[in-house]
Amino acid sequence: MNRILNVVKSYGIYFALLMLVVVFSFASEWFFTVDNLMDILVQSSLIAIAAVGQTFVILTGGIDLSVGSIVAFSSICTGMMLVSGVPIPLVIVLGSLTGVAFGLVNGVLISYGKIPAFIVTLGAMSIARGGALALNSGRPISGFPPGFEKIASYSIGGIPVFVFYTLIVYVIGLIVMYKLKAGRYLFAIGGNKQATRLAGINVRKYETFAYVVAGLLSGLVGVLLTARLNYATPLSGGGYELDTIAAAVIGGTSLSGGEGGLIGTLVGALLLGTLKDGLTLLNVVSYYQEIIIGSVIIGAVFYERAKKSSE
Amino acid sequence: MEVRVTGEDRVLVRMKGISKRFPGVQALNKVDFELREGEVHVLLGENGAGKSTLVKILSGAYRKDEGEIFVNGDRVDIENPRQAMELGIATIYQEFSLIPFLSAAENVFLGREFSTRYGLIDWRMMYKEARRFMDSVGLKVSEKRKVAQLSVAEKQLLEIAKALSLNSRVIIFDEPTATLSGEEVKHLFKIVQSLKKEGRGIIYISHRLEEIEEVGDRCTVLRDGEYIGTVDIKSVARSDLIEMVAGRTVDLSKKFIPKSPGKVVFRVKGLKTTDRKVSSVTLDVREGEILGIAGLVGSGRTEAMKGVVGAERVVEGEVILNNAPIENRYPWDALEKGIVYLSEDRKSEGLVLKMNIRHNITLSSLDAVVERGFLSTKKEQEVVSKYIKSLKIKCPNDKVKASSLSGGNQQKVLVARALACKSKILIFDEPTRGIDVAAKEEIYAILQRLAEMGHAVIMISSEVPELLRCCNRIAVMREGKVVAILDREEASSERILHYALGGVAV
């Protein structure tokens, strides 16, 4: 019995996801269908991708509140480039680079300028959103070349291409985190910044790196979102910052830094996506959905804490 | 009721057969302890021997599994810190439990504020009372000053004032002198003496034998959670005390001075840092040598060495490695040139406590375990197991967190990190702080071995005896300057202290 409890404890979040799937499968006949499951994957994929960057940042002990606004900014830039005839591959690259620019400024101000991450990214959140609105006077953009929408609607062997994008990002993310020096340093910085600096590591460089990755992935998500909707709006990406933080935290990444991982974040994002999907199928009004999701986030952190203090 | 009167000494606290288990360890096994009125009772033992656990049970931070506690002869169950406080037991912890942005007076009476007839805080009364208790411990700063602006020594005195205001009969000091300078220690001891005279009982935890002999009356020794014995400090030889603690004989006269140092490899000339704590530091180190740096806390030793490795901004002076001047603007510059500084504060400036031992050891030398661009777990394991073996780091495996190790083993992890990055110049800042007697000897032996392998070793220490046992030469610092460099033949405690306190080199 104790053994079982221990297994449940160490894989708590997987069990939670499994339970959700089981419960929803019984509650709604539509839930456990290939179409719906694919839909959950696609719906979760954008949050999951952006959450990789957020996890990097949180690991260093920081936070990125500008994710959603960067998504919108990148989306508008993507739309404007598309309608003015920039080739699609170049649009994808440049759209993502707008995110890199924001991430770089965030990182430099935080690590070199020593301004708290909360403040810098809160400012960037407002600036990027304002920028997205200003670029096209608040209007959405549509009428893209037909090829662009393909990068979202394509599917391989019945599996939507977004699933593959997510997998690719996670594989690269995992390699960076566990197989490159940079990843190791993220853990070290979040665990003890001063000790890491004295150990001869360029803390500011790697801290900036985390924000650049967060920016890059937010930019990429902006491009992908534009492709999926087939139009760009300056209001897109709303709440992404909180969803990505929630995914990371539900996945066991500690907000104080130094502890966590990407697999947890992926499961966290899937859990959020499953919850939203299931509740919608059960006709739960969106107000109540928000209440339930909020409770789940707090519950997950409470669970982590309880687990830790029992160790 | 059990009131035991031995001679004229009344017993304040009696702990009988106390046991406490934590998952995986028996922290205390049927330990007895007794504190009389007007005595300073030292708790002695290695890290992990159970001193802190015992004290925490008395102060309500932990609950005992077994055993009985009597306070003033009455059997009590101490369930929480508040209850301990009401029983007149106060603890002065290493990490102070003061609130930084409240005033001294507010801290003294936190949770017990005086109020006026109208239910408002009676500030006048509070300041007056705070002043009275602060005066009684010789704390001269204003009672209105914020705690954040107090020095470590002042904070400690404030904690004592708080304990007095609670009318505590039992005061527990947990390594009170670890961060105090010589003068401050003297003042603290005076206060302890006067507390004694008032008939209070003092429980005193410390590793420093010299001060235990100076301040203590009786001493209870614990080892691995077992009660070893209680002795009268005045009538026991130091070597016997050490044997009780270590469980074996430790030869305190054994020297660890490296033989036959070579040529000078590293020089510092006229170093000056921006914060003015270092005004003129000139010294040199030979390969195969241990150079000691003595001096009072605050004499600029740490800042000077941090300046050398680029962790502190340098405004003037030269650092010369193998006859070539170098500039270390950041710690990674120094690392690249093989110069490593190991901080006195292992927990906040040395280890990443949340990370496992393996990752802590390779933190500075990841390049060496990279294969075709990627970290190689296999290579990393090889490096780490080599150092775990050669430095005898005691751990179940290299995947346990650094926070789970004892002080001595944590220090060894940091030594391993420095060695793994192939550094030639090793600067140790208080390498044995908070480490028990047996582990200290091990660290000395490691330093000696490193020097004899050809490293140049610098060792900052506040404990003069250990400098005399390890160093080929000892530089003495005072007020940001190196005031003397003594060869081992001319060095003695008296001379070092003479220079540290204000004598001038001839």
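Here are a few questions and answers about the core of this predicted model and one strand inside it.

Residues are numbered from 1 along each chain as written, with chains lettered from A and ligands numbered from 1 in the order written. As the model is predicted, local features need pLDDT of at least 70 and side-chain atom pairs pLDDT 80 or more, while totals for chains, interfaces and linings use all residues.

Reader: Which helix gives the largest share of the largest nonpolar core?
Author: A nonpolar core is a set of buried Ala, Val, Leu, Ile, Met, Phe, Trp, Tyr and Cys residues joined through C-beta atoms within 7 Å. The largest one has 169 residues, with A:L217 and B:I427 among those with the most contacts inside it. Its largest share, 16 residues, comes from chain A, residues 203–229: helix α11 (helices are DSSP runs of H or I, at least four residues; strands are runs of E, at least two).

Reader: Is strand β20 of chain B largely enclosed or open?
Author: Buried means 20 or more other C-beta atoms within 10 Å of a residue's own, these atoms being placed from the backbone. B:I425, B:I427 and B:D429 are buried on one side of β20(B), and B:L426 and B:F428 on the other. Five of its five residues are buried, so the strand is largely enclosed.

Reader: Which residue of β21(B) stands opposite B:I427?
Author: Strands pair if DSSP finds at least two bridges between them. β20(B) and β21(B) (residues 456–460) pair in the parallel sense over five bridges. Opposite B:I427 in β21(B) is B:I458.

Note on methods
Buried ≥ 20, exposed ≤ 12 C-beta atoms within 10 Å, placed from the backbone.
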